[in-house]
Amino acid sequence: MTTATPSTAVRSTFWPALTSLLFIQLFSGIVQMYFIPLYPSLAHRYHLQVGTLSLALIMFTVSGASSTLLFARLGDLYGHRRILRLVVGLVALGSVLIAVAPTFPVLLVGRVLQGTYPALLPLTFGVVQTRFADADIRRRGYAYVNAVLSFGASVGLLATGMLARPGHGPSWALWFPAVGTVVGFGLLWTGRRAEPTPVHAGRVDWPGAVLFGIGLASLLLGVNQGATWGWHSAATIGAITGGVTVIAGWIVAELRMREPLVDLRVLFRPQLLPPYAIGVGFYFGGIGGQVALSTYLSLSPHKVGYGLGLNASIVGLVIGGGILGTTVLAACTARFGRIVGFRWMMACGALMVTAGYTGMIVVHRDAAAFIACHVLSSAGAGLIIASTRTVVAELAPPSEAGVAQGMYELASVVGGAVGSAAISALLTSARSAGVVSERGYEMTWSVSAAVGLAITIIAILHALRHKRNALATPTRLVTGHP
């Protein structure tokens, strides 16, 4: 009689255990992106200016940024699956409220609840980490979670664009994520398993959570509204300065506390700083560059002398193709990382991003070459996203696993917000007769390429340092660290 080995037994439970988590991450990606094509129809529904409707984006972003660390800390203390259920429930409730909202204030409440979605990723990683002891199995789980999240973002853009057809309003598009998140919430309660005993001693620093939330909310409000209020206005300067001041005060308080919300000395030790920095840099250029990409694709070269003149459907396919490249490379990261190491995967991804943006500067008048450069940079993004999160997950101590991932997600949010604001300001300054100049687009790609080069250097130095340390202390190679 043949007896299954422990490894075989773990592999046989991999997909049953991961299915509900992947479904949740699929709709997490959808929630992240589905609202973007709906702004015009929602403005018409509630009789609002699109500028006023941007409050929905601001509340969504601020909610996620200010709550992610709190939910991640709760997961570390009381069990990641338990808190994952709570957050999925909040996102589902918010999605349903948005779908049925009779007024704009009700929609805003829904967006605040829905905005807690960034906490889903660190909590999911925490579940994978506690569920699977085998390092290779965990890494496969991380890779598939990252890939499905990226795929969900693509689905969110394409599906809502098709569901919200002209003349039919946004109703079906709004119900799509609502139904999906409700189903995901139900899946988390099927096949119940006892929560593994995390459960790490400690308490939640509620005053610290509130202080950090206020500081980050103020900072992001100033960054998001800077173009509207004016970058030199008292409101913008006051919001950004106030946010930075409050966060600085929070850091001082956390370092003095016995049981802080975040153990900054642990999470900002030298091994973890490079992945955080790479995440900030990537999202700065990657998210910030999306506006320049979509507008340049649609500009008519016959009218302004540059641009690719693609219609909205083709633009959607190009962007979707880039996200597909992100998805495929993220899914393959576990295999590649096992061969060459996850730190070298970070460096490879950063180099691809740099090459893609550099190519855009040179070949932006050639449609095929430009799109190829976009796909190259998007594929590199998949390697960066999956490898950095894997490194953070495996370097963080078990008691701080969720918070470490939450810190990475916050770094990504802040990097993306600052990048969007900086590149939008750059594009605005390069406008002539209401149209961004060709030089303006070249400058944005130059900024993204320069940031890509910086994170490539950081990644290479980090990989070389890890290799040197591993050669000096060979016993570390069996610890399961990437």
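Helices, taken here as DSSP runs of H or I of at least four residues, and strands, taken as runs of E of at least two, are numbered from the N terminus. On this basis, the predicted model contains 20 helices and 2 strands in its chain. The radius of gyration of the chain is 22 Å, close to the 23 Å that the globule rule gives for 482 residues, and the chain is therefore as compact as a globular protein of that length. Taken along the principal axes, the box filled by the C-alpha atoms is roughly 75 × 55 × 50 Å.

With regard to burial and contacts, 52% of the 482 residues of the chain count as buried. Among the contacts in the chain with a separation of 6 or more, 78% are accounted for by residues that stand 24 or more positions apart. The surface that the chain exposes amounts to about 20500 Å², of which 69% is supplied by carbon and sulfur atoms. As for charge, the chain carries 31 positive and 14 negative side chains, and a distance of 4 Å lies between the centres of the two sets.

Three helices were considered in further detail, beginning with α6, which spans residues 104–114. In this helix the buried residues are F104, L107, L108, G110, R111 and Q114. When α6 is seen down its axis, these buried residues fall within an arc of 160°, so they line one face of the helix.

Helix α8 covers residues 135–163 and includes S150. The relative accessibility of S150 is 11%, and because buried means under 20% relative accessible area, S150 counts as buried. When neighbours within four places in sequence are left aside, the residues in contact with S150 are I323, T326 and T327.

Helix α9, formed by residues 171–187, contains L174, a buried residue whose relative accessible area is 0%. Once residues up to four places away in sequence are excluded, L174 is found to touch Y34, F35, L38, L42 and R45, together with S95, I98 and A99. The C-alpha atom of L174 is also separated by 7.9 Å from that of T160, a residue 14 positions away along the chain.

Conventions. Residues are numbered from 1 along each chain as its sequence is written. This is a predicted model: local features need pLDDT of at least 70, side-chain atom pairs count only at pLDDT 80 or more; totals for chains, interfaces and linings use all residues. Side-chain values use heavy atoms; hydrogens and water are left out. Buried means under 20% relative accessible area, exposed over 50%, partly exposed in between (1.4 Å probe, protein chains only). The arc is that of the directions from the helix axis to the C-beta atoms. The radius of gyration is taken over C-alpha atoms; the globule rule is 2.2 Å times the number of residues to the power 0.38. Contact means heavy atoms within 4.5 Å. Accessible areas come from the Shrake-Rupley method with a 1.4 Å probe; for residues, only the protein chains shown count as cover. Lys and Arg count as positive and Asp and Glu as negative; His and the chain ends are not counted. The place of a charge is taken as NZ of Lys, CZ of Arg, CG of Asp or CD of Glu.
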